[in-house]
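User: Hello! Could you walk me through the reasoning behind some of the labels used for this structure?

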Amino acid sequence: HGLLGEVWDDEMSSNMLGNRLRKVVQNYQSMNKYGVQLSGPGGVSSRPKLSSHELLCQLKDKVEVTTLTPDLQPFSSLPWATQLPPNQLTSDLGPYRSCAVVSSAGSLRYSGLGKEIDTHDAVLRFNAAPTSGYEKDVGSKTTIRLINSQVMASDDHRFLSSSLYSSGALVAWDPAPFSADLTQWFNRTDYPIFTQYQRYRRVHPMQPFYILHPRFEWQVWQRIQDNMAEPIQKNPPSSGLLGTVLMMSLCEVVHVYEFLPSRRKTELCHYYQRFFDAACTLGAYHPLLYEKNLVKRMNQGSNRDIYTHGRVTLPGFSTMNC
Ligand code: C5P
């Protein structure tokens with residue numbers, strides 16, 4: 001009692017945002033940088049609200065976690081194709097029993113969740129999120145790190161030289177045109193993901209390093225849009241949701257930390273930086289508000305878990321009967 005109002009409401013809409021952020025989100029909702037084509041019949045507002053089980057099954061059935069392999073065009077005709085892993089990520093990694101997805105949210109600061117996070121068999125982290133110095137709150141184990149092409153290309157993140165990226169397997173992604181084939185994307189990446197990939201592989205040839213097939217990000221996007229009552233931003237989902245779905249394909253059970261904010265909710269953007277912006281938690285470029293609605297609807301854990309631990313519990317695809 002009195003608590004339910006304080007955890008994420010799964011009907012969050014852009015008109016519940018403050019003035020500034022609402023305008024930014026609306027601006028992105030009408031922009032269409034990646035040429036998204038809306039599919040399906042009728043208006044978005046008339047669709048039935050699916051149950052948790054139905055949403056999970058949609059995700060399992062309609063989203064393929066695919067990574068690039070050297071046999072795919074246009075890579076197969078390029079000399080560096082041999083740097084790509086010969087097998088899919090999903091056949092090389094896991095299966096794991098219990099997994100943790102650690103969002104980079106500021107609300108992880110002073111959470112004391114580190115021990116719990118490290119008890120999981122595999123831990124996924126994002127972008128430049130460090131463990132060193134923050135072990136008490138975020139743990140120290142890194143099994144997989146999901147990084148976006150912007151982080152790979154930015155000078156500040158020292159992607160090629162920093163030891164931050166050297167533990168576990170790396171998985172990279174780049175916002176691709178909506179209906180592009182691999183060749184169109186290759187010629188028009190958002191950031192130079194392939195140049196940076198080749199450079200990194202030369203310096204760290206032994207570290208497993210995968211690139212997500214761009215189809216994956218838009219399949220996840222479609223699951224969000226099809227289940228929301230209003231148009232969402234026509235930009236790819238945030239790393240947070242992409243990583244969560246990735247882990248659902250590798251693990252029996254997935255625990256996501258501070259994606260749905262706990263009682264520690266704060267405008268501090270990341271636990272590792274002194275920068276404040278509500279857009280980090282509510283989204284601007286990414287349809288993050290709607291990603292959180294979807295995750296809240298699929299959550300198998302309690303609202304109390306969200307409130308105290310910022311913890312959501314999702315079943316792995318292998319354990320689901322659809
Ligand atoms: O900022 P970055 O993308 O590296 O953070 C990783 C993920 O954590 C985000 O994609 C988002 O899903 C989640 N996040 C969040 N709230 C924040 C910061 C990050 O939900 N304040």
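**Labels and the values behind them**

Analyst: Gladly, starting with strand β2: Ala122, Leu124 and Phe126 on one side are buried, and so are Val123 and Arg125 on the other, which leaves both faces covered. Please keep in mind that this is a predicted model.

User: Why is β2 called largely enclosed by the rest of the structure?

Analyst: The strand covers residues 122-126, and five of the five are buried, so the label follows.

User: What makes β1 and β2 a pair?

Analyst: The requirement is at least two bridges between the strands. β1 and β2 have three, in the parallel sense, so they meet that requirement. Within this part of the model, valine 101 stands opposite leucine 124 in β2.

User: And how do you know that β2 pairs with β3?

Analyst: The reasoning is alike: β2 and β3 (residues 144-148) are joined over three bridges in the parallel sense, and the cut-off is at least two. Here phenylalanine 126 stands opposite leucine 146 in β3.

User: Why is glutamate 258 called buried?

Analyst: Buried calls for 20 or more other C-beta atoms within 10 Å. Glutamate 258 has 29, so it is buried. This residue lies in the loop between β6 (251-257) and α11, and its phi is positive, about 60°, although it is not a glycine.

User: Arginine 158 also has a positive phi. What makes it count as exposed?

Analyst: Exposed means 12 or fewer neighbours. Arginine 158 has 12 C-beta neighbours inside 10 Å, so it counts as exposed. Its phi is near 45°, and its place is in the loop between α6 (149-153) and β4 (169-173).

User: How do you know that the peptide bond from glutamine 73 to proline 74 is cis?

Analyst: Look at omega, which is near 0° for that bond. Proline 74 is found in the loop between α2 (52-62) and α3 (89-92). The bond from glycine 94 to proline 95 is also cis, again with omega near 0°, and proline 95 is in the loop between α3 and β1 (96-102).

User: Which residues surround the ligand most closely?

Analyst: The shell has 14 residues, and the closest are Ser103, Ala105, Asn127, Ser238 and Gly240. Two or more residues of the shell come from each of α10 (239-248) and α11 (279-282).

User: What makes nine of the shell residues polar?

Analyst: Residues that are in neither the nonpolar nor the charged list count as polar, Gly among them. The shell divides into five nonpolar, nine polar and no charged residues.

Note on methods. Residues numbered from 1 in each chain as written. Predicted model: local features only at pLDDT ≥ 70, side-chain atom pairs only at ≥ 80, totals over all residues. Near = placed C-beta within 6 Å. Helix = DSSP H or I, 4+ residues; strand = E, 2+ residues; numbered from the N terminus.
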